Amino acid sequence: MDIDPERFFTTEATAEAYSPRGHSGTTNRRLVSPETGATHLEVLVGTIEPGQGASPHHHPGIDQFCWMLEGRARVEIGGLTREIGPGESCFFPADTSHTFTALGPDEVRVLIAYGPPYGEGARIED
């Protein structure tokens, strides 16, 4: 099997942008995925405009982890609501309904990991 070693290296700027269903004002860029050779993990960077984010949803059979890079967000999961900011994280177990909303005047940047890979996305039209 021929392996292109370049697929193991990427940047946020060169990763293709997409807008996930049920997420307003959100742009995601995949850094690690089956396309890069991952079989059990997907990692992306999301940017969310102030006041925007994910309406209630869940991921059947897929765990999700979020690590805040910039901005502040309100997270709701399992009857809990918490505000998180840079250096803080949250975990959404598979099949558990959750929301994620950007707060304040600034965009949110968040590192997101799915296991197994989610692979969801609709391309953003230029």
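This is a short talk on the salt bridges, a surface patch and an aromatic pair in one protein model.

The model is predicted. I will begin with confidence. Mean pLDDT for the protein is 91, and 93% of its residues reach 70 or more. Residues 122–126 have a pLDDT below 50, and in the model that stretch has nine contacts beyond near neighbours in sequence. I will leave that stretch there and go on to the side chains.

Salt bridges next. Searching the whole structure gives five of them. I will go through some pairs.

Take Arg109 and Glu70, whose side chains meet in a salt bridge at 3.2 Å, N to O. This pair links distant parts of the chain, with Arg109 in strand E9, residues 108–115, and Glu70 in strand E4, 39 residues apart. Is Arg109 buried or exposed? Arg109 is buried, with a relative accessible area of 19%. That value falls under the 20% cut-off, so the label is buried. Glu70, for its part, is partly exposed at 40% relative accessibility. Which residues are linked with Arg109 in a network of salt bridges? They are Glu12 and Glu70.

The next pair is Arg72 and Glu83. They form a salt bridge in which the closest N and O atoms are 2.6 Å apart. Here too the pair links distant parts of the chain: Arg72 sits in strand E5, residues 72–77, and Glu83 in strand E6, residues 80–84, eleven residues apart. Arg72 has a relative accessible area of 35% and is partly exposed. Glu83 is partly exposed as well, with 43%.

Then there is Glu76 with Arg74. Their side chains meet in a salt bridge at 3.5 Å, N to O. Glu76 counts as partly exposed at 34% relative accessibility, and Arg74 is partly exposed with a relative accessible area of 32%.

Two of these arginines come up again around Thr101. Thr101 lies in strand E8, residues 98–103. What is Thr101 in contact with, leaving aside its neighbours within four places in sequence? The list is Gly51, Gln52, Gly53, Arg72, Ala73 and Arg74. At 16% relative accessibility, Thr101 counts as buried.

Now the surface. Phe65, Trp67, Leu69 and Phe91 make a nonpolar surface patch of about 350 Å². Which strand gives the largest share of the patch? Strand E4, residues 63–70, does, with three residues. Glu70, from the salt bridge with Arg109, is in strand E4 too. Phe91 lies in strand E7, residues 89–92. Phe91 is partly exposed, with a relative accessible area of 45%. Patch residues need over 30% relative accessible area, so on that criterion Phe91 qualifies.

Last, the aromatic side chains. How many aromatic pairs does a search of the whole structure find? The search finds one. The pair is Tyr114 with Tyr118, at 5.1 Å centre to centre and 50° between the planes, and it is tilted. The reason for that label is the angle: planes under 30 degrees apart count as stacked and over 60 as edge-to-face, so the rest are tilted. The two rings sit in unlike surroundings by label: Tyr114 counts as buried at 5% relative accessibility, whereas Tyr118 is partly exposed, with a relative accessible area of 29%.

To recap, the search gave five salt bridges, with Glu12, Glu70 and Arg109 linked in a network. The nonpolar patch draws its largest share from strand E4. Tyr114 and Tyr118 form the aromatic pair.

Methods
Residues are numbered from 1 along each chain as its sequence is written. This is a predicted model: local features need pLDDT of at least 70, side-chain atom pairs count only at pLDDT 80 or more; totals for chains, interfaces and linings use all residues. Side-chain values use heavy atoms; hydrogens and water are left out. Rings of Phe, Tyr and Trp (its six-membered ring) pair if their centres lie within 6.5 Å; planes under 30 degrees apart count as stacked, over 60 as edge-to-face and the rest as tilted. Buried means under 20% relative accessible area, exposed over 50%, partly exposed in between (1.4 Å probe, protein chains only). pLDDT is the predictor's confidence in each residue, from 0 to 100. Contact means heavy atoms within 4.5 Å. Patches are made of residues with over 30% relative accessible area and no salt bridge: like charges are joined within 9 Å, nonpolar side chains (Val, Leu, Ile, Met, Phe, Trp, Tyr) within 5 Å. Accessible areas come from the Shrake-Rupley method with a 1.4 Å probe; for residues, only the protein chains shown count as cover. A salt bridge is a side-chain nitrogen of Lys or Arg within 4 Å of a carboxyl oxygen of Asp or Glu. Helices (H or I, at least four residues) and strands (E, at least two) are DSSP runs, numbered from the N terminus.
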